[in-house]
Amino acid sequence: MGTKGREIVGKNIGKVIELLNKAFADEWLAYYQYWLGAKIVAGPMKDAVIGELMQHAADELRHADMVSNRIIQLGAVPATTPKKWFELTNCGYDAPDNPFVQKILEQNIKGEQCAISVYNNIIEEVGLKDPVTYNIAVQILGDEVEHEEDLQALLEDLSAMLKK
Ligand SMILES: [Fe+2]
Ligand SMILES: [Fe+2]
């Protein structure tokens, strides 16, 4: 039990845990959306897209791990059921019902843009009152910004190709 580590977060701790649990739910849903998307995606540039989706899935799972470790450090429990992910999520879940590359890329870009807002908001809310959570959120935000960039670059290449 990290009592001093928790004490420095102060009275804000409940809010921090709530923000982290919501982000935790987002990460699992994003992980599954990417994981399934990588299996079923179809159309031009499929192989490049699969590689990117698999890489992103691994990153989202790593983020879920980072966020859950922090929730536990703060003395709370990460959402214990997948059902709770849907109650807590900020960004929701876009089922890849249409496997066309363009559609899958657009859905995941939307998810990344939501994730960027979520971590940016955590950084603003937490600030230096909780430097440990702040540091985790900054690291994850960097990845989400990179993810958006990767997917938008693929979508641009795809659009150029489809126009030919
Ligand atoms: Fe993530
Ligand atoms: Fe991401």
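User: Let me start with a single side chain: does L20 count as buried or exposed, judged by relative accessibility?

Analyst: Good place to begin, and a reminder first: this is a predicted model. The idea is to compare the relative accessible area with a cut-off, and buried means under 20%. L20 has 3% relative accessibility, so L20 counts as buried. Its place is in helix α2.

User: Which residues does L20 touch, once residues up to four places away in sequence are not counted?

Analyst: Leaving out those sequence neighbours shows what the fold itself brings together. L20 touches V67, R70, I71, L74 and T133. For a longer reach along the chain, take E125: L20 and E125 are 105 residues apart along the chain, and their C-alpha atoms are separated by 12 Å.

User: Let me step back to the whole chain. How many helices and strands does the chain have?

Analyst: There are six helices and zero strands. Following the sequence, the pattern reads α-α-α-α-α-α. The radius of gyration is 17 Å, close to the 15 Å that the globule rule gives for 164 residues, so the chain is as compact as a globular protein of that length.

User: What box do the C-alpha atoms of the chain fill along the principal axes?

Analyst: Roughly 60 × 30 × 20 Å. You can set that beside the burial figure: buried residues make up 41% of the 164 residues. The accessible surface comes to about 8700 Å², and 57% of this surface belongs to carbon and sulfur atoms.

User: Among contacts between residues at least 6 apart in sequence, what percentage join residues at least 24 apart?

Analyst: That figure is 80%. It is a handy way to read how contacts are distributed along the sequence.

User: How many positive and negative side chains are there?

Analyst: The chain has 16 positive and 25 negative side chains. The centres of these two sets lie 7 Å apart.

User: Now the interior. Which residues have the most contacts inside the largest nonpolar core?

Analyst: To read a core, ask who belongs to it and which elements supply it. The largest nonpolar core has 26 residues, and F24, V67, Y119 and I122 have the most contacts inside it. At least two residues of this core come from each of α2, α3, α5 and α6. The helix that gives the most is α2, with eight residues. Apart from this core lies another one, of 15 residues, among them Y34, V41, V101 and L155.

User: And F24, with which residues is F24 in contact beyond its neighbours within four places in sequence?

Analyst: F24 is in contact with A64, V67, S68, I71, P78, A79 and W85. Notice V67, which also appears among the residues that L20 touches.

User: E144 caught my eye. Is E144 buried or exposed?

Analyst: E144 has 0% relative accessibility, so E144 counts as buried. Its place is in helix α6. Without its neighbours within four places in sequence, E144 is in contact with E27, E60, H63, E112, A115, I116 and Y119. The C-alpha atoms of E144 and C114 are separated by 9.4 Å, with their positions 30 residues apart along the chain.

User: For contrast, where is D97 found?

Analyst: D97 is in the loop between α4 and α5. Its relative accessible area is 70%, and exposed means over 50%, so D97 is exposed. In space, D97 and G37 are 9.2 Å apart, C-alpha to C-alpha, while in sequence they are 60 residues apart.

User: What about the middle class: what is the relative accessible area of Q73?

Analyst: Q73 has 45%, so Q73 is partly exposed. Q73 sits in helix α3 and is in contact with R6 and V132, leaving aside its neighbours within four places in sequence. Q73 and G5 are 68 residues apart in sequence and 8.1 Å apart in space, C-alpha to C-alpha.

User: One backbone point to finish: which residue has a positive phi although it is not a glycine?

Analyst: Here is the general idea: most residues other than glycine have a negative phi. M45 has a positive phi of about 60°. M45 is found in the loop between α2 and α3. With 21% relative accessibility, M45 counts as partly exposed.

How values were computed: Residues are numbered from 1 along each chain as its sequence is written. Chains are lettered from A and ligands numbered from 1 in the order in which they are written. Side-chain values use heavy atoms; hydrogens and water are left out. Helices (H or I, at least four residues) and strands (E, at least two) are DSSP runs, numbered from the N terminus. The radius of gyration is taken over C-alpha atoms; the globule rule is 2.2 Å times the number of residues to the power 0.38. Buried means under 20% relative accessible area, exposed over 50%, partly exposed in between (1.4 Å probe, protein chains only). Contact means heavy atoms within 4.5 Å. Accessible areas come from the Shrake-Rupley method with a 1.4 Å probe; for residues, only the protein chains shown count as cover. Lys and Arg count as positive and Asp and Glu as negative; His and the chain ends are not counted. The place of a charge is taken as NZ of Lys, CZ of Arg, CG of Asp or CD of Glu. A nonpolar core is a set of buried Ala, Val, Leu, Ile, Met, Phe, Trp, Tyr and Cys residues joined through side-chain atoms within 4.5 Å.
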